[in-house]
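Hi,

Here's the structure I said I'd pass on. Have a look at it first, and my notes follow underneath.

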Amino acid sequence: MEPVEPRTSWTFVTQHARILAMILGDPEIRLRDLAENCRITERAAQAIVTDLEMAGYLTRVRHGRRNHYEVTPGTLFRHPAEGNHEIADLLRLLVDLDQPTEATPRPAADGEHRKHP
């Protein structure tokens, strides 16, 4: 049997979940910033936002020159295997990944001392 090369192009989190989490973290985020953070084109980010809006995961309201997004509470995963779970639990996890935890403490600021348990 020939050795199989590992597949490196897949990730656990889809671009749809990533964009929805970013919108939850910043409801007035620009499409340009969504695209840049996801490393996709603005057109692809726009298509994903439209998918999410059409599926009822978010609403979009125009405020002057900016969009204001709101993630719809209580929405469920689309796949039947996870269909009885709210998407909000995953989104909170993704938004919290940017926040330091006890397992990954933030560096102490100058003059600040950390207590060790």
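H1 and H2 cross in a right-handed way. By class, their contact brings together 5 nonpolar, 2 polar and 1 charged residues. Before you read too much into that, keep in mind that this is a predicted model.

On the geometry: helix H1 covers residues 15–25 and helix H2 covers residues 31–38, and the two pack at an angle of about 130°. Their axes are 10 Å apart. An angle like that makes H1 oblique to H2, since roughly antiparallel would need over 145 degrees.

If you want to click through the residues involved, H1 contributes Gln15, Arg18, Ile19, Met22 and Ile23. On the other side, Leu34, Asn37 and Cys38 are the H2 residues they meet.

Zooming out to the whole protein chain, I get 4 helices and 2 strands. Following the sequence, the order is α-α-α-β-β-α, with the two strands coming just ahead of the final helix.

A few overall numbers as well. The protein chain has 117 residues, and 21% of them count as buried. About 9500 Å² of the protein chain is exposed, with carbon and sulfur atoms supplying 54% of that area. And how much of the contact set is long-range in sequence? Taking contacts in the protein chain with a separation of 6 or more, 36% are between residues 24 or more positions apart.

That's what I have for now. Shout if anything is unclear.

Cheers

Terms used: Residues numbered from 1 in each chain as written. Predicted model: local features only at pLDDT ≥ 70, side-chain atom pairs only at ≥ 80, totals over all residues. Heavy atoms only, no water. Buried < 20%, exposed > 50% of the residue type's maximum accessible area, 1.4 Å probe, protein only. Contact = heavy atoms within 4.5 Å. Areas by Shrake-Rupley, 256 points an atom, 1.4 Å probe, with all protein chains shown as cover. Axes fitted to C-alpha atoms, helices over the stretch in contact; angles between N-to-C directions. Parallel < 35°, antiparallel > 145°, perpendicular 65-115°, else oblique. Left-handed = near helix turned anticlockwise from the far one by under 90°. Nonpolar A, V, L, I, M, F, W, Y, C, P; charged D, E, K, R; others polar.
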